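Let's take a look together at a ligand site and at one place where helices pack. Have the structure open as you read.

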Amino acid sequence: MSGDGAHGGRITSVLSETRTFPPAHDHHARVGSMDAYRAMYDRAERDPDGYWSEAATELWWARGWDKVVEWNPDAPSWDATWFVGGKTNAAVNCVDRHLAGWRRNKAAILFEGEPGDTRILTYAELHREVCKAANALTALGVTAGDFVAIYMPMIPEAVIAMLACARLGAPHTVVFGGFASEALADRIRDSKAKVVITADGGWRRGHAIALKDNVDHAVPGSTVQHVVVVKRTAQSVAWHTGRDHWWHDVVDSASAKHTAQAFDAEHPLFSLYTSGTTGKPKGILHTTAGYLVNAMQSSRLVFDLREEDIFWCTADIGWVTGHSYVTYGPLANGATVLLYEGAPNHPEPDRFWQMIERWRVTTFYTAPTAIRAFMRWGDELPAKHDLSSLRLLGSVGEPINPEAWMWYREKIGGNRCPIVDTWWQTETGSIVISPLPGATPTKPGSATLPLPGMIVDVVKRDGSRCADNEGGFLVIKRPWPSMLRTIWGDHERFEKAYFSEIPGTYFAGDGARRDSDGYIWVMGRVDDVINVAGHRLSTMEIESALVSHPSVAEAAVVGRPDDLKGQAIVAFVTPKRGITADDALAKVLRQHVVEQIGALARPEELRFAEALPKTRSGKIMRRLLREVASGSKARGDTTTLEDQSVLETLAQSFAEE
Ligand code: WTA
């Protein structure tokens with residue numbers, strides 16, 4: 001390692017740092033002042049075992065733990081195991097234990113379908129559905145340890161399916177409904193799923209999207225024995241008798257009585273595939289108790305959850321945000337969540353504001369890309385609606401530019417609601433850096449400070465701490481309960497990707513800087529992962545998809561800054577000899593990527609090149625391509641621009657290893 005790779009730019013003139021917004025003056029807030037936050041943070045740092053053990057007592061346990069954590073700071077990946085000896089069940093924590101008191105008849109899920117249909121499930125009803133689904137899965141041969149793939153639209157059955165799997169100790173692997181059959185097939189193959197739970201389709205912008213059809217293409221030749229299909233759109237579907245079962249046949253007729261078994265604290269709860277630096281997605285494995293402790297606790301702290309809240313996280317359950325802040329975190333707290341099936345601009349671009357008004361949403365958690373789209377659609381849309389029920393706004397998935405932050409605060413939050421900009425990853429399982437709404441003064445564009453118990457730093461390549469405002473690498477220095485345990489089936493890759501870059505730390509793959517108040521400003525990825533509209537994609541994965549086309553000799557994919565999506569995908573393609581590079585081919589290739597991965601990976605721009613720039617050792621010079629792709633486009637937001645150049649330097653130092 002060069003050791004000085006991160007000397008990058010010092011950022012001194014950041015406009016937004018001159019603006020600080022006070023926290024909510026709220027004497028009900030769980031953490032009501034900076035002093036309270038600091039005391040909590042210091043305590044967690046001094047006595048992590050005591051701190052996490054207190055957090056864990058909020059869960060239901062069939063058997064208490066003997067030891068909070070066992071880990072080895074000298075082991076390549078720390079080998080942390082949490083709540084050793086403890087036994088619990090994630091579904092019992094999210095559902096059953098709320099049945100004993102008044103929450104039994106509290107709404108757990110408020111659902112609105114895109115066509116406008118609605119459904120409300122109380123905790124008692126959710127319990128009944130989860131038990132029935134668990135019995136149905138058992139009848140299909142699912143037992144503890146079997147993987148179940150879930151490929152669903154955002155309907156209540158998606159959450160019920162996750163919880164039914166958790167109840168049985170059958171780890172689920174949710175595949176985002178926007179992924180194509182090839183991508184689904186990869187994930188099924190890698191997890192060796194025994195059952196797929198899907199729907200005939202879902203509603204999106206007025207169309208019935210086909211899901212079952214993709215499953216039919218993905219399943220042959222795999223380990224899948226049964227496919228359970230929810231009827232949602234009533235479109236016609238092919239049927240494989242013996243393999244396929246309607247949800248309403250097998251679940252509705254199943255018994256509502258189900259005795260949950262307790263599983264080891266470290267029993268796998270789910271794997272979730274995410275993009276890394278190679279073409280092959282990584283199955284991030286999370287285990288039961290540690291994950292749930294952090295999901296539950298962070299929901300409570302960051303969103304200051306209250307019994308009367310209507311909590312709306314707009315993320316799809318196909319992403320980690322949908323796991324931790326649609327399903328596990330809020331439900332473990334006995335909260336009411338809103339679930340929406342469709343597009344934010346259907347039938348009109350004010351659908352979200354309409355829904356906030358209709359359901360009296362108190363807490364709204366979405367991605368910067370969505371906020372930037374809302375900005376474009378115009379201020380008059382939110383202004384038409386009564387958004388006074390809102391008391392807290394959240395942002396996640398990508399850096400939020402100060403302009404979008406300010407718009408969110410003014411036009412959606414009425415200058416009244418604090419914004420929590422939450423930094424975390426599929427790997428971290430739960431929020432790591434975020435303001436606490438009653439305590440932390442916020443600065444537009446900064447995720448502010450780590451949650452108590454999270455030891456975060458910004459360091460140089462050699463692991464030494466960066467000076468204030470010096471760009472460096474974001475790392476975590478001590479295990480936390482919801483950290484990933486491995487990459488499914490590839491422990492070596494796990495050690496290499498996260499623990500070998502900067503020894504002794506968990507390497508997040510993000511560039512960041514710490515300002516003189518200790519606030520963290522996350523800039524973006526330093527590896528070959530790109531973030532398009534809050535969706536994490538690997539440039540290599542898109543390259544592989546392109547190269548799999550018979551006309552392509554070579555391909556390189558980079559991200560270029562995009563005002564709306566954060567980053568846009570630009571592909572450089574060298575066609576095979578004799579192939580004519582024209583618009584028709586470009587169109588075919590872009591569509592080929594959609595068929596291989598999904599619409600989310602469609603290159604925004606595809607350029608043909610006779611050859612790709614390479615180093616003498618044959619590596620594609622991505623930095624050069626990134627520069628070519630970005631052009632010298634002037635951007636309105638100076639912070640983002642400065643961050644971009646620092647990031648470029650960091651990425652370069654990372655790639656030069
Ligand atoms: C990015 C999503 C800046 C970051 C929860 C991270 C963010 C990647 C933020 C993880 C934020 C997420 N500010 N960047 N508040 N939140 N990111 O695994 O690059 O889909 O590494 O998890 O998103 O994406 P993932």
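How far is an oxygen atom of the ligand from an N or O atom in the side chain of Thr 426? The separation is 2.5 Å, in a model that is predicted.

## Polar contacts to the ligand

Thr 426 has company here. Gln 425 places a polar side-chain atom 3.0 Å from an oxygen atom of the ligand, and Arg 525 does so at 2.8 Å. The protein buries 96% of the 530 Å² that the ligand exposes when taken alone.

## The shell around the ligand

Three elements each give two or more residues to this shell: helix H10 (320-332), strand E20 (419-422) and strand E25 (520-525). There are 17 residues around the ligand, and those that come nearest are Asp 421, Thr 422, Thr 426, Asp 510 and Arg 536.

What is the make-up of the shell by class? It has 6 nonpolar, 6 polar and 5 charged residues.

## Where H2 meets H9

Now for the helix pair. The axes of helix H2 (residues 48-56) and helix H9 (residues 288-302) come within 9 Å and cross at roughly 85 degrees. Because angles of 65 to 115 degrees count as roughly perpendicular, H2 is roughly perpendicular to H9.

On the H2 side, the contact is made by Tyr 51, Trp 52, Ala 55 and Ala 56; they meet Val 293, Asn 294, Gln 297 and Leu 301 in H9. By class, the residues of this contact are 6 nonpolar and 2 polar, with no charged residues.

Terms used:
Residues numbered from 1 in each chain as written. Predicted model: local features only at pLDDT ≥ 70, side-chain atom pairs only at ≥ 80, totals over all residues. Heavy atoms only, no water. Near = heavy atom within 4 Å. Polar contact = N/O pair within 3.5 Å; in protein donor to acceptor, adjacent residues only side chain to side chain. Areas by Shrake-Rupley, 256 points an atom, 1.4 Å probe, with all protein chains shown as cover. Helix = DSSP H or I, 4+ residues; strand = E, 2+ residues; numbered from the N terminus. Nonpolar A, V, L, I, M, F, W, Y, C, P; charged D, E, K, R; others polar. Axes fitted to C-alpha atoms, helices over the stretch in contact; angles between N-to-C directions. Parallel < 35°, antiparallel > 145°, perpendicular 65-115°, else oblique. Contact = heavy atoms within 4.5 Å.
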